[in-house]
Amino acid sequence: MKKHSSMLHVRMDTEMKRKATAALGAMGLTASEAVRLFFHRIAVDQAFPLELKVPNANTKRAMAESEEMMRQGTARFAGADELFAELEEAGSR
């Protein structure tokens, strides 16, 4: 069965729209995708969804590193022991 779609028209301040669209773009979302996601979460959870935020510099670096590793098919650590060793070393600094 074919799903029907409908339009949602929203009036808002032009500057607010510009700033929000820029923030959404930094998250990899369009305004339409964000509204669909917002409505989906409300429908599923029957509650107002949590706030999404633009990733900070550390998160952006981690995301870029992860994307590069996936692109290259590589891993940062050879195994769990190497991972835990680095975590222990970082914790002792």
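**Exercise 1. Classify phenylalanine 48 as buried or exposed, and place it in the fold.**

Step 1. The relative accessibility of phenylalanine 48 is 66%. Step 2. Apply the cut-offs: buried is under 20% relative accessible area, exposed over 50%, partly exposed in between (1.4 Å probe, protein chains only). Phenylalanine 48 therefore counts as exposed. Step 3. Phenylalanine 48 lies in the loop between α2 and α3 (57-72).

The model is predicted; local features need pLDDT (the predictor's confidence in each residue, from 0 to 100) of at least 70, side-chain atom pairs count only at pLDDT 80 or more, and totals for chains, interfaces and linings use all residues. Numbering runs from 1 along each chain as its sequence is written, and side-chain values use heavy atoms, without hydrogens and water.

**Exercise 2. Describe the salt bridge between arginine 18 and glutamate 15.**

Step 1. The criterion is a side-chain nitrogen of Lys or Arg within 4 Å of a carboxyl oxygen of Asp or Glu. Step 2. The closest N and O atoms of this pair are 2.5 Å apart. Step 3. Arginine 18 and glutamate 15 are three residues apart in helix α1, so about one helical turn separates them. Step 4. Glutamate 15 is partly exposed, at 35%.

**Exercise 3. Which parts does the pair of arginine 76 and glutamate 86 tie together?**

Step 1. Their closest N and O atoms are 2.9 Å apart, in a salt bridge. Step 2. Arginine 76 lies in the loop between α3 and α4, glutamate 86 in helix α4, so the pair ties together parts ten residues apart in sequence. Step 3. A network of salt bridges links Glu65, Arg76 and Glu86.

Terms used:
Helices (H or I, at least four residues) and strands (E, at least two) are DSSP runs, numbered from the N terminus.
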